Amino acid sequence: MKTLRCIVLEDEEPAQNLIKNYLSRISSIELLQVFDNALEASNFLTHQTVDLIITDISMPHLSGLDFIRMLSPSPHVIIMTAHADYALESYDLDVIDYLKKPISFDRFKKSIEKVERLYSATNNEDSHNSSDTMVYVKEGSKMIKVNFNEIIYVEGLRDYIKIITDNERPIITHITMKKMVEILPPQSFMRVHKSYIIATDKISAIDGSNSLIELKNNVMIPMGQNYKETLMSKIKPIN
């Protein structure tokens, strides 16, 4: 597995030193830089790509959660904080793990291993091969086959997703939106809103003024502002 590029956002020096020490003991992670505020980290990401962000929540100028919301697309994120109050909110942002300070090395290493597993599963050379045309998902006691070319859109429902296909019945399964983005072939699908992934070949029209996307069967999907530029660059309108 390749070395994962990482940045850390933490404004307290003891915590900075602890995380740097932990990361120095894990050979699969390359620590690029430690930031004491999210604005500097944001500027850094305009000219650098990273695989992993480890961030505190309580930060000067811009909170860790607000920083994560700005990222598009978002790398893997681990949150470390002294507060338990933001756990649910953070998981809505598809973070990989939520570490409550003080953090032991064993607990920290488990989070890194989780990132490594996700990265390996979604970035191996066969992960988005053109021969991958379907996936099985669990719904209740059944494993249901979902053909990628039949998917119209996917809607996020907190810890679940709803898959709408050409068939009449939606499929509801226990997968996060972030995981579904990683499973679907990027040449055919894209996330257009915090709660929606669409099949790009099912787009009928785009209403930029009202931030709506019309899909097959006259389905209207909201378009998130953070995703609008990426969508427009992908469809390449001629005027």
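## A walk through the sheets and cores

Start with the open sheet of 5 strands, which run in the order β10-β9-β8-β12-β11 with antiparallel pairing. What you have on screen is a predicted model. Select residues 171-173 and then 189-193: these are β10 and β11, the edge strands, and each pairs on one side only. Now look along the sheet. Neighbouring strands here are turned by 20° against each other on average, ignoring direction.

Next, pick out β8 (residues 151-157) together with β12 (residues 196-199). This pair is antiparallel and is held over 3 bridges. Which residue in β12 is the bridge partner of Val154? Click on Ile197 and you have found it. If you like to show hydrogen bonds, turn on the backbone ones, because strands of a sheet pair through those.

Move on to another sheet. Here 3 strands form an open, antiparallel arrangement in the order β13-β14-β15. Its edges are β13 (203-207) and β15 (219-222), each pairing on one side only. The average turn between neighbouring strands of this sheet is 25°, again with direction ignored. Select β14, residues 212-215, alongside β13: the two pair in the antiparallel sense over 4 bridges. To see one of the matched positions, highlight Asp207 and its bridge partner in β14, Leu212.

Now hide the cartoon and go for the side chains. The largest nonpolar core has 21 residues, and the ones touching the most other members are Leu23, Ile29, Leu52, Ile54, Ile78, Phe108 and Ile112. Colour β1 (4-9), α1 (13-24), β3 (52-55), β4 (76-81) and α5 (105-123), since these are the elements that give two or more residues to this core. Which element gives the largest share? That would be α5, with 6 residues.

Zoom in on Ile78. Leaving aside residues up to four places away in sequence, Ile78 touches Leu52, Ile53, Ile54, Thr55, Ile96, Asp97, Leu99, Ser111, Ile112 and Val115. Apart from the largest core lies another one, of 20 residues, so try selecting Val50, Leu65, Ile79 and Val95, which are among its members.

Finally, zoom out to the whole chain. Count along and you should get 7 helices and 15 strands. Of the 239 residues, 42% are buried. Switch on the surface: the accessible area comes to about 13,000 Å², with 49% of it belonging to carbon and sulfur atoms. As for contacts with a separation of 6 or more, 51% are between residues 24 or more positions apart.

Technical notes:
Residues are numbered from 1 along each chain as its sequence is written. This is a predicted model: local features need pLDDT of at least 70, side-chain atom pairs count only at pLDDT 80 or more; totals for chains, interfaces and linings use all residues. Side-chain values use heavy atoms; hydrogens and water are left out. Two strands pair if DSSP finds at least two bridges between them. Axes are lines fitted to C-alpha atoms, for helices over the stretch in contact, and angles run from 0 to 180 degrees between N-to-C directions. Buried means under 20% relative accessible area, exposed over 50%, partly exposed in between (1.4 Å probe, protein chains only). Contact means heavy atoms within 4.5 Å. Accessible areas come from the Shrake-Rupley method with a 1.4 Å probe; for residues, only the protein chains shown count as cover. A nonpolar core is a set of buried Ala, Val, Leu, Ile, Met, Phe, Trp, Tyr and Cys residues joined through side-chain atoms within 4.5 Å.
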